[in-house]
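Biologist: Please go through the model shown below with me. I shall ask about its overall build before turning to individual residues.

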Amino acid sequence: MDELIWETARTARGWLDAANGTGDAELTCRLLKLTEEAGEAAAAWIGTLGQNPRKGVTHTRDDVAAELADVVFTALVAIESLGLDARSVVSGCAAKVHARLTQDGGSA
């Protein structure tokens, strides 16, 4: 199943490249898409808390998790769109955080 994540990120990048091109304006849109997805995660959390009195509780933690997964996947596509291998970049990030956690006693 893990391979499906990386393969789908590469496939999505190729699909977007074919549909929208690969110029700086398109890359900018792919990076901005992260902000859109993060906003949807924030809105879902607000809905989970029932923070908007007019709407009340509109979302669940599962909804928030699904929105966060959209953020993660969108980031993977953006990394691939930079011409980099998302798996390598994420693995490098995890190794960096792991090293901080094990060397500093947990301050990531």
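Biologist: How many helices and how many strands does the secondary structure of the protein come to?
Modeller: This is a predicted model, and the answer rests on its secondary structure. Read along the sequence, the pattern is α-α-α-α. The count is therefore four helices and zero strands.

Biologist: Is the protein more spread out than a compact globule, or not, and what is its radius of gyration?
Modeller: The C-alpha atoms fill a box of roughly 45 × 45 × 30 Å along the principal axes. For 108 residues the globule rule gives 13 Å, and the protein is well over that, so it is more spread out than a compact globule. The radius of gyration is 17 Å.

Biologist: What percentage of the residues of the protein count as buried?
Modeller: The accessible surface comes to about 7200 Å², and 61% of it belongs to carbon and sulfur atoms. To count as buried, a residue must have under 20% relative accessible area. Of the 108 residues, the share that counts as buried is 22%.

Biologist: Among contacts between residues at least 6 apart in sequence, what percentage join residues at least 24 apart?
Modeller: One pair with a wide sequence separation is L34 and T74, which are 40 residues apart in sequence and are in contact. Among contacts in the protein between residues at least 6 apart, the share joining residues at least 24 apart is 51%.

Biologist: Are helix 3 and helix 4 roughly parallel or roughly perpendicular?
Modeller: Helix 3 covers residues 61–81 and helix 4 covers residues 86–103, and their axes are 9 Å apart. The packing angle is about 115°. Angles of 65 to 115 degrees count as roughly perpendicular. Helix 3 is therefore, with respect to helix 4, roughly perpendicular.

Biologist: How do the residues of the contact of helix 3 with helix 4 divide into nonpolar, polar and charged?
Modeller: Helix 3 contributes L76, I79 and E80 to the contact. Helix 4 contributes A86, V89 and V90. Glu counts as charged, whereas Ala, Val, Leu and Ile count as nonpolar. The division is five nonpolar, no polar and one charged.

Biologist: Does L27 count as buried or exposed?
Modeller: L27 lies in helix 2. Leaving aside neighbours within four places in sequence, L27 is in contact with A78, S81 and L82. Its relative accessibility is 18%, and the cut-off for buried is under 20%. L27 therefore counts as buried.

Biologist: How far apart in space are the C-alpha atoms of T28 and A78?
Modeller: T28 is found in helix 2, and at 40% relative accessibility it counts as partly exposed. Along the chain, T28 and A78 are 50 residues apart. Their C-alpha atoms are separated by 9.3 Å.

Biologist: Which residues does L34 touch, not counting those up to four places away in sequence?
Modeller: L34 lies in helix 2 and, at 23% relative accessibility, counts as partly exposed. L34 and T74 are 6.1 Å apart, C-alpha to C-alpha. With residues up to four places away set aside, L34 touches V71, T74, A75 and A78.

Biologist: With which residues is W45 in contact, leaving aside its neighbours within four places in sequence?
Modeller: W45 has its place in helix 2, which covers residues 24–49, and its relative accessibility of 34% makes it partly exposed. W45 and A65 are 20 residues apart in sequence and 9.3 Å apart in space, C-alpha to C-alpha. Beyond the neighbours set aside, W45 is in contact with R61 and V64.

Definitions and conventions
Residues numbered from 1 in each chain as written. Predicted model: local features only at pLDDT ≥ 70, side-chain atom pairs only at ≥ 80, totals over all residues. Heavy atoms only, no water. Axes fitted to C-alpha atoms, helices over the stretch in contact; angles between N-to-C directions. Helix = DSSP H or I, 4+ residues; strand = E, 2+ residues; numbered from the N terminus. Parallel < 35°, antiparallel > 145°, perpendicular 65-115°, else oblique. Contact = heavy atoms within 4.5 Å. Rg over C-alpha atoms; globule rule 2.2 N^0.38 Å. Buried < 20%, exposed > 50% of the residue type's maximum accessible area, 1.4 Å probe, protein only. Areas by Shrake-Rupley, 256 points an atom, 1.4 Å probe, with all protein chains shown as cover.
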